[in-house]
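Trainee: I have a new model open. Can you show me how to read its features?

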Amino acid sequence: MNSLARLLALSLLATPASAAHAAHGGRQELRYVQKSEERPAPDKRELSRFQEALGTALARQMGRPVRFISLPRKRMLAALEGGEGDILCGYVPAWVKGDVYWSRPFIPTSEVLVSSSRVPAPRTLEELKGKRIGTVLGFRYPEVEQRLGADFLRDDAPSSDLTLLKWQAGRYDYFLAARNMIDSQAAKGALPAGYHLLVINEYQSMCAVAKQGNAGIDEVNTAIDAIEKNGELARLLRLR
């Protein structure tokens, strides 16, 4: 086989992944884990535009190609611990337990209690003792757990969208959610008029980083600093 033929054969064997690897100076890819959100319609999943944009931005700052790995909520931390993924963003240690490193906090997050117009707006969380509250399966609510204790009556659904759907159907009068999710649904006209919001907690979430992954915690924090400093993070947050 002459030189030209050999080059042609090698080019046919090259995969998109190997091409991307070469384009980034041979650096290993960033395996970005994100939650696959169950939708009310059968066989449909939706991935977060914010998560995909954030993963792309962080990988770009690291000079790495990015590969997205979509998993159910309960399998995400296991992927990092088992060496199948490198990073998972938008969480805090109190929500998910695992043997991982945590980045510095940087994603503003607000947890709210949404109540139906059928009931008076609660003034405090303690008024919800003994009342059923819509929640997401496998998700922890440390603030609510601490303040309500044994009187925190969860009514789990597989996802936040299905929690909302059950609330709309009148299965319960209250549910817990992230404020950005509520704002997004309200903008779509998906929330009935007269609902009430009670802010439970405000904080900044982080990225979980695999201890034996392709990217180190210092590299992740440096990338976060860069997208915050250049204004890209502020633009990304508007996608939520």
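Mentor: We will take the disulfide, then the nonpolar cores, then a loop residue. Keep in mind that this is a predicted model.

Trainee: How many disulfides are there?

Mentor: A disulfide is a covalent bond between the sulfur atoms of two cysteines. Here the count is one. Cysteine 89 is joined to cysteine 207, S to S 2.0 Å. The link of cysteine 89 and cysteine 207 is right-handed, with 105° about the S-S bond. The pair ties together distant parts of the chain: cysteine 89 sits in strand β5 and cysteine 207 in strand β11, 118 residues apart.

Trainee: Is cysteine 89 buried or exposed?

Mentor: Cysteine 89 counts as buried, because its relative accessible area is 0%, and buried means under 20%. Cysteine 207 is buried too, at 0% relative accessibility.

Trainee: Which residues have the most contacts inside the largest nonpolar core?

Mentor: In soluble globular proteins, nonpolar side chains tend to be buried together. The largest nonpolar core here has 30 residues. Val33, Leu88, Leu113, Ile133, Val144 and Leu176 have the most contacts inside it. Helix α4 gives the most to this core, four residues. Leucine 88 touches several residues, including Val33, Met76 and Cys207. Another core, of 24 residues, lies apart; Leu30 and Ile107 are among its members.

Trainee: Where does alanine 193 lie?

Mentor: Alanine 193 is in the loop between α7 and β11. Alanine 193 counts as exposed because its relative accessible area is 73%, and exposed means over 50%. Its C-alpha is 9.1 Å from that of serine 116, 77 residues apart along the chain.

Conventions. Residues numbered from 1 in each chain as written. Predicted model: local features only at pLDDT ≥ 70, side-chain atom pairs only at ≥ 80, totals over all residues. Heavy atoms only, no water. Helix = DSSP H or I, 4+ residues; strand = E, 2+ residues; numbered from the N terminus. Buried < 20%, exposed > 50% of the residue type's maximum accessible area, 1.4 Å probe, protein only. Disulfide = S-S within 2.5 Å. Core = buried A, V, L, I, M, F, W, Y, C linked by side-chain atoms within 4.5 Å. Contact = heavy atoms within 4.5 Å. Lists of a residue's contacts leave out its neighbours within four places in sequence.
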